Amino acid sequence: MHLTDSPFYPPLVVFGLLLGHLVGDYVLQTDWLATHKTTPHPGPRPKTFDKAKPEELEPLLGEWNEYDKKFSAYWLGHLACLCHCFCYTIAVQVCSLFWLPAWALVACCVLHFPVDRFRLAAWWM
């Protein structure tokens with residue numbers, strides 16, 4: 001008898017997916033990943049230097065430095081979320097006993113990215 005013929009197979013699949021979700025989202029996710037994966041966009045860019053008066057250059061340079069820090073953190077957030085999605089997908093694959101096809105793993109990773117990166121789950125609740 002093959003595993004898929006067993007009456008325990010459907011509950012085993014559901015249990016594997018649920019366990020993979022829990023392991024990927026809670027056990028493998030570090031504090032750094034959880035903190036940085038939702039870093040927001042820094043907003044509009046500051047005024048450009050060519051339109052600034054001489055007395056505005058010093059504060060404007062500070063605004064640009066602050067914007068650059070926020071923009072770097074924003075892209076680091078993309079990287080943190082991508083790392084989390086890869087770890088999450090691996091956990092789902094391992095806990096589901098490697099039965100998921102490749103397209104399902106790609107879908108798992110691609111769909112998990114916007115949910116975590118842009119906090120879509122908060123909108124649904």
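**Entry 1: Glu56 and Lys47**

I looked up the pair Glu56 and Lys47 and found that their side chains form a salt bridge, with 3.0 Å from N to O. I note here that the model is a predicted one. I then checked how far each partner is open to the surroundings. Glu56 has a relative accessibility of 29% and counts as partly exposed. Lys47 is likewise partly exposed, its relative accessible area being 39%.

**Entry 2: Asp116 and Lys37**

I asked how many salt bridges a search of the whole structure finds. The search gives 2. In one of them, the side chains of Asp116 and Lys37 meet at 2.9 Å, N to O. Asp116 belongs to helix α4, whereas Lys37 sits in the loop between α2 (31–36) and α3, so this pair ties together parts that lie 79 residues apart in sequence.

I next asked whether Asp116 is buried or exposed. Asp116 is buried, at a relative accessible area of 11%. Lys37 is buried too, and its value is 10%. Buried here means under 20% relative accessible area, so Asp116, at 11%, falls in that class.

**Entry 3: Helix α1**

I turned to helix α1, which runs over residues 9–27 and has 19 residues. From its first C-alpha to its last, α1 reaches 25 Å, close to the 27 Å expected at 1.5 Å a residue.

I listed the buried residues of α1: Tyr9, Val13, Gly16, Gly20, Gly24 and Asp25. They cover an arc of only 140° around the axis, which puts them on the same side of α1. I recorded the general reason for such a pattern. An α-helix has 3.6 residues a turn, so residues three or four places apart point the same way.

On the other side of α1, I found Val14, Phe15, Tyr26 and Val27 to be exposed. I also asked which helices the buried residues of α1 pack against. The partners are α3 (57–95) and α4 (102–117).

**Entry 4: His78**

I located His78 in helix α3. His78 counts as buried, at 15% relative accessibility. I then asked which residues His78 is in contact with, leaving aside its neighbours within four places in sequence. The contacts of His78 are Phe113, Arg117 and Phe118.

**Entry 5: Review**

I compared my notes on the salt bridges. Asp116 and Lys37 are buried, while Glu56 and Lys47 are partly exposed. Helix α3 appears twice in my notes: it holds His78, and the buried residues of α1 pack against it.

Methods: Residues are numbered from 1 along each chain as its sequence is written. This is a predicted model: local features need pLDDT of at least 70, side-chain atom pairs count only at pLDDT 80 or more; totals for chains, interfaces and linings use all residues. Side-chain values use heavy atoms; hydrogens and water are left out. Helices (H or I, at least four residues) and strands (E, at least two) are DSSP runs, numbered from the N terminus. The expected span of a helix is 1.5 Å times one less than its number of residues. Buried means under 20% relative accessible area, exposed over 50%, partly exposed in between (1.4 Å probe, protein chains only). The arc is that of the directions from the helix axis to the C-beta atoms. Contact means heavy atoms within 4.5 Å. A salt bridge is a side-chain nitrogen of Lys or Arg within 4 Å of a carboxyl oxygen of Asp or Glu.
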